[in-house]
Amino acid sequence: MTLLAGALAVLAALLFAIASVAQRGAAAAVPDDEARGGRLIARLVRSPRWWAGTIGDTGGFVVQAAALGVGALLLVQPLLVTTVLFALPLEARLTGRRIGRPELWWALVLVAALALFVVVGEPTAGVDQAPVRVWFPALAALLVALVVAVVAAGRRRGPRRAAMLAVATGLAYGLVAALTKSVVDLLGDGPIALLTAWETWALVAAAVGGTLLQQAAFGAGPLAASLPAVTVGEPVVAAVLGVVVLGEQVRADGLEWVLIGVCVVLMVAATAALSRSSAASTTREPEPVGAP
């Protein structure tokens, strides 16, 4: 099951990479004075590129859900950061630029850190569903953090606004990942159980809110200001929820914890560095409405 979950997570990462390249290109093409609220959405829904990205996102989410159905959040979510490994060459190809040596080194660091984390940590699954009383403290903390980030974004402009919106996006998407594991488990109980469960509607709300926040973040400023926070924030939040709410664990003793800590730091640093490089390859040159 661990091997299957890992393979599905990497496939989901590939689909998310294709989607993000398309959606970031569409969002970056929207003029700054229209890159917020309903005007941003109105421009994006007329872009075939954005719709192609949305289809890719949907496919990636379905595969991610399948991975979470057979594997732990602590395994699946870290592997999803390989999205940047796929996105970087795709954007380099589209923009006609070469991938530099620093990017190759960071890519190797990310792959090595991920491999060590999975082998040494041996992430184990917890429960698929948890009582509301267990969820409540985590949901309350997430809601407060999300509101703070959105309010802070409203008082800023440019890169700072994009960064704060990206933080909010990471919080929302991390919650989506954790809730997805619970909702996938509910599928086996039939449609009535699925539609009457609070997790289902919380998932829908978090997914819609996260999507709107992400598009606003991409349109609010340089992608280098928003992409790292989104890419790093989602797996971190999901992993924390996996441990705190769903009871997942990392198997380690003594010095192994030190090695795992180093791996986590390297994964975060490499993901952030590669995200900045990926974002830097996307221009913000306006293009005609509806251009692919």
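**Exercise 1. Overall make-up**

How many helices and how many strands does the secondary structure of the protein come to? Work from the predicted model.

Solution.
- Step 1. Counting the elements gives 12 helices and 0 strands.
- Step 2. Reading along the sequence, the pattern is α-α-α-α-α-α-α-α-α-α-α-α.
- Step 3. The protein has 292 residues, and 48% of them count as buried.
- Step 4. For contacts with a separation of 6 or more, 84% are between residues 24 or more positions apart.
- Step 5. The exposed area of the protein is about 13600 Å², of which carbon and sulfur atoms supply 71%.

**Exercise 2. Annotated spans**

Find the residues that the UniProt annotation "transmembrane region" covers, then describe the spans 134-153 and 192-213.

Solution.
- Step 1. According to the unreviewed UniProt entry, the annotation covers residues 66-92, 104-122, 134-153, 162-180, 192-213, 225-245 and 257-274.
- Step 2. In the model, residues 134-153 are 100% helix and 0% strand, with end C-alpha atoms 30 Å apart.
- Step 3. Residues 192-213 are 95% helix and 0% strand, and here the end C-alpha atoms also lie 30 Å apart.

**Exercise 3. The nonpolar cores**

Identify the residues that touch the most other members of the largest nonpolar core, and the elements that build this core.

Solution.
- Step 1. The largest nonpolar core has 36 residues, and those touching the most other members are L73, V76, W135, L175, L241 and V245.
- Step 2. Two or more residues of this core come from each of α1 (2-28), α3 (48-70), α4 (73-79), α7 (132-154), α8 (158-186), α10 (198-220) and α11 (223-244).
- Step 3. The greatest contribution to this core is that of α8, with 9 residues.
- Step 4. A second core, separate from this one, has 16 residues, among them L88, L110, I260 and L274.
- Step 5. Take L73 as a member of the largest core. Beyond its neighbours within four places in sequence, L73 is in contact with L68, P78, A177, A178, K181, A238, G242, L246 and E248.

**Exercise 4. A nonpolar patch on the surface**

Which residues make the nonpolar surface patch of about 440 Å²?

Solution.
- Step 1. The patch is made by V236, V240, V243, V244, V264 and V268.
- Step 2. At least two of its residues come from each of α11 and α12 (255-280).
- Step 3. The most is given by α11, with 4 residues.
- Step 4. One of the patch residues, V264, is found in helix α12.
- Step 5. The relative accessible area of V264 is 34%. Partly exposed means between 20% and 50%, so V264 is partly exposed.

**Exercise 5. Buried or exposed?**

Are A270 and V62 buried or exposed? Place each residue in its helix, and give its separation from one other residue.

Solution.
- Step 1. A270 lies in helix α12. Its relative accessible area is 0%, under the 20% cut-off, so A270 is buried.
- Step 2. Setting aside neighbours within four places in sequence, A270 is in contact with W106, V109 and L110.
- Step 3. From A270 to L110 there are 160 residues in sequence, while their C-alpha atoms are 5.6 Å apart in space.
- Step 4. V62 has its place in helix α3. Its relative accessible area is 54%, over the 50% cut-off, so V62 is exposed.
- Step 5. V62 and L8 are 54 residues apart along the chain, with 9.9 Å between their C-alpha atoms.

**Exercise 6. The surroundings of L8**

Where does L8 lie, and with which residues is L8 in contact once neighbours within four places in sequence are left aside?

Solution.
- Step 1. The helix that holds L8 is α1.
- Step 2. With those neighbours left aside, L8 is in contact with V63, A66, A67 and V70.
- Step 3. L8 and L79 are 71 residues apart along the chain, and 9.6 Å separates their C-alpha atoms.

Terms used: Residues numbered from 1 in each chain as written. Predicted model: local features only at pLDDT ≥ 70, side-chain atom pairs only at ≥ 80, totals over all residues. Heavy atoms only, no water. UniProt positions renumbered as here; feature names shortened; annotations may be inferred. Core = buried A, V, L, I, M, F, W, Y, C linked by side-chain atoms within 4.5 Å. Buried < 20%, exposed > 50% of the residue type's maximum accessible area, 1.4 Å probe, protein only. Contact = heavy atoms within 4.5 Å. Patch = residues over 30% accessible without salt bridge, like charges linked within 9 Å, V, L, I, M, F, W, Y side chains within 5 Å. Areas by Shrake-Rupley, 256 points an atom, 1.4 Å probe, with all protein chains shown as cover. Salt bridge = Lys/Arg side-chain N within 4 Å of Asp/Glu carboxyl O.
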